[in-house]
Amino acid sequence: MVNLYNPLGKISMTNDYFAQLVSAAASSCYGVAAMAAGGTTDTLKSLVLGADFKDKGVRVTDEGGKLVIRLHIKVTYGLNITAIVRSITHKVKYAVEEATGLQVRAIHVSVDDIVG
């Protein structure tokens, strides 16, 4: 949960909100085939909840008032991975900063698989 304080009070945003926002922004980028399971937690969740769940491959943490986003993705075979990652980074940063008003410190994108 990320808390934002303004003159009118406190605003709390859940991890589910960030997961949906980041996942939608990343999935809409050209070349992204799917979100990938990011570690053992996601693997266990996929066994229990099914193949797709809203925070699959997305981790958002608050470090010093700025967000750090970690993504795990699958890309389409034959495309430039560097260009895909650059596109994701720009789009996710823009989407999160516009929707929440919070600053993004870093976005770490891991390409876990190449889908043909």
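Here is a short chat about how this predicted model is put together.

Residues are numbered from 1 along each chain as its sequence is written. In this predicted model, local features need pLDDT of at least 70 and side-chain atom pairs count only at pLDDT 80 or more, while totals for chains, interfaces and linings use all residues, and side-chain values use heavy atoms, leaving out hydrogens and water.

Me: What pattern does the chain follow along the sequence?
Reply: Helices (H or I, at least four residues) and strands (E, at least two) are DSSP runs, numbered from the N terminus. The chain has three helices and six strands. Read in order, they give β-β-α-β-α-β-β-α-β.

Me: Which element gives the most to the largest nonpolar core?
Reply: That kind of core is a set of buried Ala, Val, Leu, Ile, Met, Phe, Trp, Tyr and Cys residues joined through side-chain atoms within 4.5 Å; buried means under 20% relative accessible area, with a 1.4 Å probe and protein chains only. The largest one has 27 residues, with Phe18 and Val22 among those with the most contacts inside it. Helix H1 (15-27) and helix H3 (81-100) are among the elements giving two or more residues. The top giver, with six residues, is H1.

Me: How is H1 placed against H3: roughly parallel, roughly antiparallel, roughly perpendicular or oblique?
Reply: Their axes, lines fitted to C-alpha atoms over the stretch in contact, are 9 Å apart, at about 140 degrees on a scale from 0 to 180 degrees between N-to-C directions. Under 35 degrees counts as roughly parallel, over 145 as roughly antiparallel, 65 to 115 as roughly perpendicular and the rest as oblique. So H1 against H3 is oblique.

Notes
Buried < 20%, exposed > 50% of the residue type's maximum accessible area, 1.4 Å probe, protein only.
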